[in-house]
Structures are given as structure tokens and as C-alpha cells.
Amino acid sequence: MIQFTNVSKRYTNGFVALNNVSFQVERGEMVFLTGHSGAGKSTVLKMIPLLERQSEGQIVIDNKALSDIKRRYIPALRRDIGIIFQDSKLLNDRNVFDNVALPLLISGDHHPREIGRRVRAALDKVGLLEREQESTVALSGGERQRVGIARAVVNRPKVLIADEPTGNLDPALSQEIMTLFEQFQQVGVTVLIASHDLGLIGRMNKRILALDHGQLVEFQAEESL
Amino acid sequence: MSSSERRPPSVRRNRPSLKARLQNYLALHFHVLTSSLGLLGRMPLSTFMAAMVIGVALALPTMLHVSLSKVQSLGAAWQESAQISLFLRDTTSENGALALQSEVKGWSEISSVKYISAEQALEEFRQGSGLGDVIQMLDKNPLPAVLVVYPKLDQSTTLDTEVLLSKLRARPEVEQAQLDLEWVQRLHGLIDLANRAVLVFGLLLALAVLFVIGNTIRMAIQNRRDEIEVIKLIGGSNAFVRRPFLYSGVWYGLFGGLVAWLLVNVLLLLLDGPVQQLAALYGSDFALGLIGLDTTLLLLLAGPLLGLMGAWLVAGRRIRTIEPV
Ligand SMILES: Nc1ncnc2c1ncn2[C@@H]1O[C@H](COP(=O)(O)OP(=O)(O)OP(=O)(O)O)[C@@H](O)[C@H]1O
Ligand SMILES: [Mg+2]
């Protein structure tokens, strides 16, 4: 589903953030990406929805090579991928419902009635069905993160990527969020999560990719802990 | 339960039917239309200011256009009531002239006919020109007798002066029939010129409206930069991001058009009294009245159209510069 082959990324200032990275995430798999701060985790995730382009190598998502995607088809690619950000990136002048409905409005394929149904289904999954009319400003960090997840899954993407989704959350909430991701994996969604919370990802019992200064290394739990 | 739910996840989602897609499309546009109105409602002051500026800019040429077309219709009325001079053949006797006078006076389109005999004409000329001595030297009066025909002032009978002229020319007593149009033509020349000036003026102000709306939209985009960024991050195309701003432009234009409509009508109402008094001094029942339906429609179409254009010129370019691409 996600395939990186000899991918390197050199930022415009010349800094090489990724160096010859190759890995693969199977359809329906849930994988963690870890590494020290500055190791290149966010860089890897940003290249999947073409927020950054690779400098070298090849990235294939759902059997499509990203280098073949023309600029005007980038939005369509992003619509097929659910993205969760550390700072959740909600629109603060809209309520919970409208935030979650946004991807469906963007895709333009849904009747308003269908939008309402799907948004409530997504909010139900993250346990915020009762809060749909609330302003997102009134939510706690964990609640905001869950709204972000509902927004990412509402259009039923095949791939979910999350960059430090539990960055600001306490351990109990973090565990809850990870369990949520696991539930999406169980219904066939491919999930790739960047996190440096080794304790948390260790408990999840999933495959772990480790980055070190832009290169993939063998993950060694003892050493990192 | 929708059909897409029953399909296995490996099957690519089918596109909905054309009818369903059209329905979705219209519903979404309606949503954007109303939500863009809501956006404006959230910044009432700048919306109000923009509408006022656009309104004034649209009101100026509209006011000129409306007044000019009133004057123009007045000029047309005057043209219809312009006097016609019939120069009679010198073979026509005084009785023949008087007979013609009373006959023409009987025509429905004629208000009055004045007879000026050759002697009277000469006398008038003598007094008017101060060439009395020269005229004394003439052994024969060179001036013909004249019938001055005044068509009816009544505007309801649309009078074709050309038809009337040829009817009069056909008379054997008449040597020459002349429509005294010079000043009416001059008025028309002036009105033509003024119309052209209004057009140029209007185009310049339309340009100003474009700039005002473009600038307002540019600031709105700047204010919503973070939001635009998020929308693009999750797959909103530039066109999707642009849409509410285009609608905002349309709303600004519509509000501006309404403001202009109100302004012009208020001005016309204020001016109508004095203008009527002035016209009464000249024996006319000329009145300004209010904006006509056609001008109203023009304003309410031109406003939104300019708004759309102004927004369109700015929005696409601005939005494309906001990362991510
Ligand atoms: N736009 C950019 N231009 C230049 N250098 C960048 C850019 N973005 C990231 N970098 C550099 O690339 C390296 C990898 O950054 P990245 O954000 O991928 O790290 P990370 O693993 O996500 O770290 P963290 O855990 O702190 O989020 C860092 O050294 C960073 O300074
Ligand atoms: Mg990072």
C-alpha cells in the first residue's frame, strides 16, 4: 500500500533529511515510525500526501507512483489519504460537526443528508457524538485530537497517516487514541503513525520502523528505552 | 443504507448517478452561497464599508445615466413639437394662404398655425436686421409669405415629423417646408457627447469597483490563510478554496448595487421637487421620477457581475500562493 524505494529528501536549504530510505507497509497493516527528534519522521509522512516531493527514489501509494501525479491531481490524492496532525489543525470558527464534514464537502460527491449521516457515524466512533454542535475551541486536547481523527476517517480513506497524534496527551488518553487507530486497522485501513513515545508503541505490538539521522535502522527496543 | 456500504472495500467506489451528482452539486453550491453570506456577516463593518464604496461608485454613473435619459426623452418630445416654417410660393394669394392656414390648423396633429404675410416678414426683417435703407432700394419684396406650423405638444400622439413635412411639401401653395431643428440637433449632439462621457466614466468606476472588491477579497483571503492551509492539507483544491470567495464577491456586488439603487432614488426624490418647479417656469410638466425597471435590473446585474470578476481576478492567484500547493 505504501512503498518507499531508495528515497532521499534534500530540503531546499541543502539539508539531507532522508537518505536512501526503503520500506513497505502492506494493505491493512498498522506500522509505527519512530526515531529521535529531527530523524526525519515528519518528512517521511509529508511525502505521502505530496506535501513534500522526494529528491530521489520512488514512492508508490496504492499502486500509483507519486512522481507520476500531476500537480492538479494532488488534491485528489490527499482526499484518498486520512491525515492526522499533532496540533489537530481544526478550523476554530466552525463547530465540531462542520469540521468533520469538511472532507465530504471538499469531495463534493455527497448529498447533505448523506454528509450528516457519515459525520455522525465518524463522531460516534471517536465518542463525540453528543458534542457535534460545540465549538472546537471549547474542546480539550484529547477531544480535539479525536475530532481530527473523525475528520480523517469520515471519507473512508484506505490509508491513515498520523504525525505524533498523541504528542500532547496524557498516557491514558494516548492509549485510547492508539486503540482507536487499531480499530480502523481492523476494518482494513492501512495505518502509519509517527511517534517517539516508545513505551506506548511498544505496548501496541505492531511493526516498528526506526529512523536515525535520515536513515532506517534496526529497531532495538532495549537500547532506545 | 447506501449502496457503497455494501460493496467490498477492494472495489473502487462507483460514481453516483448524474442526477444525484447534479443534486449534490446544487446543494453544495447553495451551501457555499449561504455560508459565504455568513462569512460576510462575521465581518459586518468591512462588508458594510465595501458595499458603501461600491454603491457610491455605481451610483455616480447611474445617476448621470438616469438624468441624461430623462433629458433625452424631453429632447425627443421637443423635437416632435418643433415648429415648421412653410415658405409659400409668390403665386399664392393672401386668401389662398389663409385658406391653407385654416385647413392645416384643422389637422389633428397640429396645434396652431401662424400666418406671416410677405409684408410682415419684410417689416420684421427690416427691424431685426437694421438694413432698412438697403431694403428701401429694392423695387420688389424678396421675402415670401410664411405659415409657421406648430405641431401638438401632446406627447401621447407620437408624431412623425418626416411624414408631416412631406405632407406639407406636397401642397402646391408651398415652395419649401423647413423644420427648425438646429437647436434640437445641437441638444442631441450634446446628449450624445454626455452619453459617451457617462460611458467612459462608468467604465472607469466599474474598474474602481473591481479594484475595491478585489482588494476586499484579497484581505479576506489573507485573514483566512490558516483555514485555507488546512483545507488544502486535507485535499481541498484551489477551486474549492476559491469558491466561497467568489460568492463573497457576488454578495459584495449585490449589496453595492442595492446601495447604489437606494442612493440614486434618494437623489432623484430630492431633486425632483426643484426640477419640477424649474420646469413649470418653462411651462413643462417634466419630472425626474424614480429609477426605471431596466436600470434597476442593470444595477442588480452589473453589481454582482463586477463582484464576481473582481473576486475572480484576485482569488485564484492569491490562493495558489498559499502552501501547500
Ligand atoms: N522545510 C525544511 N527545510 C529545511 N530543513 C527541514 C525542513 N523540514 C525539516 N527539516 C529538517 O529535516 C530534519 C528532519 O525533520 P523532521 O521534521 O522530519 O524530523 P522529525 O523526525 O519529525 O522530528 P520531530 O520528532 O522533532 O518532529 C530536521 O533536521 C529538520 O530540521
Ligand atoms: Mg516531526
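**Exercise 1.** How many salt bridges are there between chain B and chain A?

*Solution.* The model is predicted. Step 1: the criterion is a side-chain nitrogen of Lys or Arg within 4 Å of a carboxyl oxygen of Asp or Glu. Step 2: the count between chain B and chain A is two. Step 3: one pair to inspect is A:Arg94 with B:Glu227, whose side chains meet at 2.3 Å, N to O.

**Exercise 2.** Describe the side of chain B that touches chain A, by helix and by residue class.

*Solution.* Step 1: helices H1 (3-6), H2 (18-42) and H9 (225-233) of chain B each supply at least two residues. Step 2: H2(B) gives the largest share, six residues. Step 3: sorted by class, this side has ten nonpolar, eight polar and nine charged residues.

**Exercise 3.** What area do chain B and chain A bury between them, and which three residues of chain B supply most?

*Solution.* Step 1: the buried area is about 2500 Å², with 56% of it on carbon and sulfur atoms. Step 2: B:Leu233, B:Ile234 and B:Val325 supply 24% of the area that chain B buries against chain A, more than any other three residues. Step 3: in terms of contacts, 27 residues of chain B face 29 residues of chain A.

**Exercise 4.** Work out the surroundings of ligand 1.

*Solution.* Step 1: 13 residues lie around ligand 1, and A:Ser37, A:Gly38, A:Lys41, A:Ser42 and A:Thr43 come nearest. Step 2: oxygen atoms of ligand 1 are 2.6 Å from a side-chain N or O atom of A:Ser37 and 2.5 Å from a polar side-chain atom of A:Thr43. Step 3: the protein buries 65% of the 630 Å² that ligand 1 exposes when taken alone.

Methods:
Residues numbered from 1 in each chain as written. Chains lettered and ligands numbered in written order. Predicted model: local features only at pLDDT ≥ 70, side-chain atom pairs only at ≥ 80, totals over all residues. Heavy atoms only, no water. Contact = heavy atoms within 4.5 Å. Buried area = accessible area lost by both parts, 1.4 Å probe. Helix = DSSP H or I, 4+ residues; strand = E, 2+ residues; numbered from the N terminus. Nonpolar A, V, L, I, M, F, W, Y, C, P; charged D, E, K, R; others polar. Near = heavy atom within 4 Å. Polar contact = N/O pair within 3.5 Å; in protein donor to acceptor, adjacent residues only side chain to side chain. Areas by Shrake-Rupley, 256 points an atom, 1.4 Å probe, with all protein chains shown as cover.
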